[in-house]
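User: I have a chain and its coordinates on screen. Please take me through the model with short answers, and show the reasoning each time.

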Amino acid sequence: MVFVGIHETWGRIDATQADLGCGQDRVSIYKVRPPAPLTCYECGWRLHLVHKTHGSYELWFLRHASNPPYCEARLAGESMAHHLLKLDLAHHAREAGWRAEYELAAPDGSWRADVMAASPDESRRVALEAQLAGISITDITARTDRYGQDGVEVCWFTDRKTVPWLDAVPSVQIARPDDGGGVQVTAGAARFVPEWCEGREDCRSGAQFELPCKGHGQWLPADHLTLSRFVAAICANTTRPHRLRTGFSDGEETSRWVTRPYFLLEEEQVQAAARHECIRERLASVRRKQEEARRAAEQQHLAAIDALLRRQEALTKPVVQFVYHEAGVYPTIARDGTPEFAMGRPVYVKGKPYAVICPVASRVSALRSRLTPLVLFAATESERDRIAAQAAPSQRIEVLEPEPSKEPPPTVPSQPRQDGLTIKQAVNRMFGLDRM
């Protein structure tokens, strides 16, 4: 069965319309002798008008005469469910004030719509496709794209239980209730349910930082609605196919029919999520820079301590010789620097403090009274100047030539020293932390 044929005089006719879509009466071609001059638009074979009842439907359609050739239009129209769904789609579009035509083809044959609905001002065309047979995602996507290339919107309707392409193209799933009621749209439309943290100032998913709420709303399946209401919404442009951008667990690439209010609720969350992420990245960047600065300062501090320990070690023998020649006895030198001597290594003669090797300049000013009677040793003139700037005016400071190092300085401050201690261990010893 087919709906559309070609009349020799009237041109294209639509059997589903009382006036055949051309201003003529069905009676003029129904069971007349000789047969009305009707032919198939696809194969050119002779057609005749048929009238039947199917449940609550009054069916008018065209049937090929006996022994027709192979005809895709005839084969495509054999399913009663397919036939009835096309009738419903065309009827609902017409109820919405639109023109609806069956089996309308593109001029170049790239597509043929089951029902082509057109707005009164012809500004919009929507192909309403009854897709009750199986089809691959690749094929249905290609067919959708061909419509799009000609500026034609499309919606695919199916009653199949499993619809793998429902997420890929503008489509809905339908069902006919057992009680004989109107066809229902059961899947393919969605509603957005917003959810926000209290006050929206501190998002519960902010983790390390206090961040504005990014929104925790989600898309949910819309409640079932009648096919007539859905088709009317398409015609009124109050529902549109939309690629969901957030809050849908079934996948990132999901197409659903949505209304503008739900789109705006999602848009609000999308914008909030972008702000949330921007602020999070900014704060994370600041935190990274602070951490990098802290590590750099720590490395610099450890490097300074390592250099101090090396200078103190390199001055040990020169200081022993200097004190021996000056005091006439060999001194005793502490193994490590201590806070009491500005982290310098104290030198003892006959058990009494005599000198300090390389005290830390920044600690000297607080210990002037203790250090003034002692000799302070420095390894360079610049070190002497730093110490002198913090010491008492009468402070004696001697610069000695350090003993050449037998090994190059380590590139990593935490590398073990010659005596087997790491820098951290040496610092702990200097502050007495290894004895706690």
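User: Is His-276 buried, partly exposed or exposed?
Analyst: This is a predicted model. His-276 sits in helix 5, residues 260–327. Buried means under 20% relative accessible area. His-276 has 4% relative accessibility, so His-276 counts as buried.

User: How far is the C-alpha of His-276 from that of Leu-211?
Analyst: Along the chain, His-276 and Leu-211 are 65 residues apart. In space, their C-alpha atoms are separated by 6.4 Å.

User: Which class does Arg-363 fall in, buried, partly exposed or exposed?
Analyst: Arg-363 is placed in helix 6, residues 361–364. Partly exposed lies between the 20% and 50% limits. At 32% relative accessibility, Arg-363 is therefore partly exposed.

User: What separates the C-alpha atoms of Arg-363 and Phe-341?
Analyst: The two residues are 22 apart along the chain. Their C-alpha atoms are separated by 8.6 Å.

User: Why does Pro-331 count as buried?
Analyst: Pro-331 belongs to the loop between helix 5 and strand 17. The limit for buried is under 20% relative accessible area. Pro-331 counts as buried because its relative accessible area is 12%.

User: Which residues are in contact with Pro-331, leaving aside neighbours within four places in sequence?
Analyst: One partner is Val-349, 18 residues away in sequence and 4.8 Å away in space, C-alpha to C-alpha. With neighbours within four places left aside, the contacts of Pro-331 are Val-320, Val-323, Val-347, Tyr-348 and Val-349.

User: Which peptide bond leading into Pro-34 is cis, and what is its omega?
Analyst: Pro-34 is in the loop between strand 2 (11–14) and strand 3 (38–39). Most peptide bonds are trans. The bond from Arg-33 to Pro-34 is cis, with omega near -5°.

User: Asn-67 has a positive phi. Is Asn-67 buried or exposed?
Analyst: Asn-67 lies in the loop between strand 5 (57–64) and helix 1 (72–76). Its phi is near 55°. Exposed means over 50% relative accessible area. Asn-67 has 69%, so Asn-67 is exposed.

User: Met-343 also has a positive phi. Is Met-343 buried or exposed?
Analyst: Met-343 is in the loop between strand 17 (332–333) and strand 18 (345–349). Its phi is near 65°. The relative accessible area of Met-343 is 3%, so Met-343 is buried.

User: What phi does the residue following helix 4 take?
Analyst: Helix 4 covers residues 227–236, and its buried residues include Leu-227, Phe-230, Val-231 and Ile-234. Asn-237 follows the helix. Most residues other than glycine have a negative phi. The phi of Asn-237 is positive, near 65°.

User: How does the reach of helix 2 relate to the expected span?
Analyst: Helix 2 runs over residues 80–95, which is 16 residues. The expected span at 1.5 Å a residue is 22 Å. From first C-alpha to last, helix 2 is close to that, at 22 Å.

User: Which residues of helix 2 are buried?
Analyst: In an α-helix, residues three or four places apart point the same way. In helix 2 the buried set includes an unbroken run from His-82 to Ala-90. The buried residues are His-82, His-83, Leu-84, Leu-85, Lys-86, Leu-87, Asp-88, Leu-89, Ala-90, His-92 and Ala-93.

User: Which residue just after helix 2 has a positive phi?
Analyst: The phi is about 90°. The residue is Gly-97.

User: Which element gives the most to the lining of the second largest cavity?
Analyst: The structure holds two cavities of 30 Å³ or more. The second largest has a volume of about 40 Å³. Its lining includes Val-185, Thr-186, Ala-187, Pro-221 and Asp-223. With three residues, the largest share comes from strand 11, residues 184–187.

User: How do the lining residues of that cavity divide?
Analyst: Among those residues are Ala-189, Gly-188 and Asp-223. The lining divides into six nonpolar, two polar and one charged.

User: What share of the protein's residues is buried?
Analyst: The protein has nine helices and 21 strands. The count is taken over 436 residues. The buried share is 40%.

Definitions and conventions: Residues are numbered from 1 along each chain as its sequence is written. This is a predicted model: local features need pLDDT of at least 70, side-chain atom pairs count only at pLDDT 80 or more; totals for chains, interfaces and linings use all residues. Side-chain values use heavy atoms; hydrogens and water are left out. Helices (H or I, at least four residues) and strands (E, at least two) are DSSP runs, numbered from the N terminus. Buried means under 20% relative accessible area, exposed over 50%, partly exposed in between (1.4 Å probe, protein chains only). The expected span of a helix is 1.5 Å times one less than its number of residues. On a 1 Å grid over the protein atoms alone, a cavity is a set of points where a 1.4 Å probe fits but cannot get out, and a pocket is an open set with protein on both sides within 12 Å along at least five of seven lines; lining residues have an atom within 4 Å of a point. Grid points are joined across faces, edges and corners, and a volume is the space filled by probe spheres set on the points. Ala, Val, Leu, Ile, Met, Phe, Trp, Tyr, Cys and Pro count as nonpolar, Asp, Glu, Lys and Arg as charged, and the others, Gly among them, as polar. Contact means heavy atoms within 4.5 Å.
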